[in-house]
Amino acid sequence: MRSVLPALAALLVLPAAGRGDGGPPASERCTPLAAQALDCAIVITINPEGRVSAAMVGALPPPAAYGAPVELGVAIVNQGFSTGRLEARLVGSPAAAATLDFHPGALKGAPLERRTLRVTLTGGAPTDLTIAFSLRNESPDLGGRDRIHMLLRGE
C-alpha cells in the first residue's frame, strides 16, 4: 500500500503554468485524479470521434435550501479538440422537481476546460436525477455513458 501512495501523489501534483521545460501547463492536463484535485464532482470526456461520456468522480456538495442552487464543478477533457456546444439536460420523470442551469456555450478546443453545473431543487423530497450531456447535433451514446445519476436532497 505504501508503494502505491507516492505514485498516486505524483498524479495529483500539477506543475505550475508557464514552466520553463516546455511541458503543457497544468490547465491542459487532466486525469480523473487530477479532476478530484481541482475539486470537480463531474468529469466529461469527449473522445476524438465526438462521443461524450460522463462520470461522477467527486463527492456531492452538502444539501442546500430548497430553491437555492447546488453547484457542481465540471471538468471537460476534450480529447478531440471539439469546438461544438456542450449541452446538459434532465432526463426521466423527476425533471419537474428540479431545474438545471448549465451554460451551453461552445467549447474552446482546449484539452481541459472547467464549467459549473447548477441544480435547483423545487420539491420537498429527495430527488433522483439523471443528467445527460451531449454535443449539439451529435447522436447520444447508446450505452448511456453520457449520463450521470445522483440523489439530491434539500434542507
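**Figure 1. The largest nonpolar core holds 24 residues.** Ile42, Ile44, Leu117, Ile131 and Phe133 are the members that touch the most other members. A nonpolar core here is a set of buried Ala, Val, Leu, Ile, Met, Phe, Trp, Tyr and Cys residues joined through side-chain atoms within 4.5 Å. Buried means a relative accessible area under 20%, exposed means over 50%, and partly exposed lies in between, with a 1.4 Å probe and protein chains only. Please keep in mind that this is a predicted model: local features need pLDDT of at least 70, side-chain atom pairs count only at pLDDT 80 or more, and totals for chains, interfaces and linings use all residues. Residues are numbered from 1 along each chain as its sequence is written, and side-chain values use heavy atoms, leaving out hydrogens and water. Strand S1 (42–46), strand S2 (52–56), S3, S4, S5, strand S6 (112–121), S7 and strand S8 (147–152) each give two or more residues to this core. S7 supplies the largest share, four residues. A second, separate core has six residues, among them Cys40, Val43, Ala75 and Val77. In soluble globular proteins, nonpolar side chains tend to be buried together.

**Figure 2. Phe102 and Phe133 make an edge-to-face aromatic pair.** A search of the whole structure finds one such pair. The ring centres are 5.9 Å apart and the planes meet at 80°. For reference, rings of Phe, Tyr and Trp (its six-membered ring) pair if their centres lie within 6.5 Å; planes under 30 degrees apart count as stacked, over 60 as edge-to-face and the rest as tilted. The two partners come from distant parts of the chain, 31 residues apart: Phe102 sits in strand S5 (residues 98–102) and Phe133 in strand S7 (residues 127–135). Both are buried: Phe102 has a relative accessible area of 8%, and Phe133 has 1%. Which residues does Phe133 touch, not counting those up to four places away in sequence? They are Ile42, Ile44, Val52, Ala54, Glu87, Ala88, Leu117, Asp146 and Ile148, where a contact means heavy atoms within 4.5 Å.

**Figure 3. An open sheet of three strands has the order S4-S7-S8.** Its pairing is antiparallel. S4 and S8 stand at the edges with a single partner strand each, so one side of each has no neighbour in the sheet. From one strand to the next, the twist averages 30°; axes are lines fitted to C-alpha atoms (for helices, over the stretch in contact), with angles from 0 to 180 degrees between N-to-C directions. S4 and S7 share six bridges, and two strands count as paired if DSSP finds at least two bridges between them. Glu87 has Ser134 of S7 as its bridge partner.

**Figure 4. Strand S3 is largely enclosed by the rest of the structure.** Where does the enclosure show? Eight of the ten residues of S3 are buried. S3 runs parallel to S1, with five bridges joining them, and in this pairing Ile44 has Ile76 of S3 as its partner. Nine bridges join S3 to S6, and these two strands run antiparallel. Here Ala75 stands opposite Arg114 in S6.

**Figure 5. Phe81 has a positive phi, near 55°.** Most residues other than glycine have a negative phi. Is Phe81 buried or exposed? Phe81 is exposed, with a relative accessible area of 54%. Phe81 lies in the loop between strand S3 (69–78) and strand S4 (86–91).

**Figure 6. Thr120 and Ala64 are both buried, at 15% and 18% relative accessibility.** Thr120 belongs to strand S6, while Ala64 lies in the loop between S2 and S3. Leaving aside residues up to four places away in sequence, Thr120 touches Gly67, Ala68, Pro69, Ala97, Ala98 and Thr99. On that same basis, Ala64 touches Pro69, Val70, Arg153, Gly154 and Glu155. Ala64 and Val119 are 55 residues apart in sequence, with 10.0 Å between their C-alpha atoms.

**Figure 7. The protein chain has two helices and eight strands.** From the N terminus on, the elements run α-α-β-β-β-β-β-β-β-β. Helices (H or I, at least four residues) and strands (E, at least two) are DSSP runs, numbered from the N terminus. Of the 155 residues, 34% are buried. Among contacts with a separation of 6 or more, 63% are between residues 24 or more positions apart.
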